[in-house]
Amino acid sequence: MKKVIILVFVISLFLFLTKANAIITEYDEIAKSDTADVSLLAKKINGVYTDFKVDFQGSVFSRPFWINTTEPAWSPQIIYKDINQDGKSELIIILTKGTGTGIIEREVHVFHIQTQRINKKLVEVPVEILVDDPIAIVLKNVKTELLTNKAIICIANKKYTIDTTPLNIDPEHSFQDIYFGNLINFEINGNHLIAKIGGQISLAGGRIGDIQITYKFKDKMYQAKSIEFKLPE
């Protein structure tokens, strides 16, 4: 009887270790920051990374619905900077959901680091803060018009007129209006979170410039501080 019990225990332990090892190895470490002591792990499913684990200073939390392309050139960015001028660094993670001809779609996640008491110990915990959708900001604040040889963009009391002749876009391949939605980028510049939304009059070779949104932290979220149009660099 003892031999049977020992055998069952050994088999169960082997199955447990095998299963545990499988769970660990099916995640790839796809980004790391020594500055912030943060690692991102994810599963490769159907050609993309998803089902993320965020290892923040030894504590792990899940983000199962995050997505990032598996192209090494577009690995997630981990940034640790003070972007709300409170004297403490925030954790910023920028994902690239998709790329292609005339397309780059990126997504930002911002975490404030809060000190919380857990099991009688004070620990630093990342708390995600809402960032206003840049496309929604553009749709609410930007008016556009696309004519035969020019594109017009109006933001508040500013009007920008862009000569589209040099782009040599075939009228059959031109959009009916300036389109925002294929080119979405985020960056940290001067300790500010900035979104750049590309305007296109055609999918291929039709970029006319960017709507640049500078964010500020207000009312417990990141929302637009300024909106302006920038010609391509």
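## Phe217 and Tyr222

Phe217 is partly exposed, with a relative accessible area of 34%. In this predicted model, Tyr222 is buried, because its relative accessible area is 1% and buried means under 20%. The two rings have their centres 5.1 Å apart. Their planes stand at 45 degrees, so the pair is tilted.

## Other aromatic pairs

How many aromatic pairs does a search of the whole structure find? The count is 6. One of them joins Tyr160 and Phe229. This pair is tilted, with 5.4 Å from centre to centre and 55 degrees between the planes. The pair links distant parts of the chain. Tyr160 belongs to strand 11 and Phe229 to strand 15, residues 221–230. The two lie 69 residues apart. Both Tyr160 and Phe229 are buried.

There is also a cluster. Ring pairs connect Phe52, Phe61, Trp66 and Phe111.

## The largest pocket

The largest pocket has a volume of about 280 Å³. It is lined by 17 residues. Which of them are the closest to its centre? They are Glu107, Val108, Asp133, Pro134 and Phe186.

Four elements give two or more residues to this lining: strand 7 (103–118), strand 8 (121–129), helix 2 (134–141) and strand 12 (179–189). Strand 7 gives the most, with 6 residues. By type, the lining of the largest pocket holds 9 nonpolar residues, 1 polar and 7 charged.

## The second largest pocket

The second largest pocket holds about 200 Å³ of space. Which residues line this second largest pocket? Among them are Leu146, Leu147, Thr148 and Asn149. Thr164, Thr165, Asn168 and Ile169 also line the second largest pocket. Pro171, Ser174 and Ile201 are on the list too.

How does this lining divide by type? The second largest pocket has 5 nonpolar residues, 6 polar and no charged in its lining. The lining of the largest pocket, for its part, includes 7 charged residues.

## Glu172 in its loop

Where does Glu172 lie? Its place is the loop between strand 11 (158–163) and strand 12. Is Glu172 buried or exposed? Glu172 is exposed, because its relative accessible area is 71% and exposed means over 50%.

Glu172 and Ser202 are 30 residues apart along the chain. In space, their C-alpha atoms are separated by 9.6 Å.

Methods:
Residues are numbered from 1 along each chain as its sequence is written. This is a predicted model: local features need pLDDT of at least 70, side-chain atom pairs count only at pLDDT 80 or more; totals for chains, interfaces and linings use all residues. Side-chain values use heavy atoms; hydrogens and water are left out. On a 1 Å grid over the protein atoms alone, a cavity is a set of points where a 1.4 Å probe fits but cannot get out, and a pocket is an open set with protein on both sides within 12 Å along at least five of seven lines; lining residues have an atom within 4 Å of a point. Grid points are joined across faces, edges and corners, and a volume is the space filled by probe spheres set on the points. Ala, Val, Leu, Ile, Met, Phe, Trp, Tyr, Cys and Pro count as nonpolar, Asp, Glu, Lys and Arg as charged, and the others, Gly among them, as polar. Buried means under 20% relative accessible area, exposed over 50%, partly exposed in between (1.4 Å probe, protein chains only). Rings of Phe, Tyr and Trp (its six-membered ring) pair if their centres lie within 6.5 Å; planes under 30 degrees apart count as stacked, over 60 as edge-to-face and the rest as tilted.
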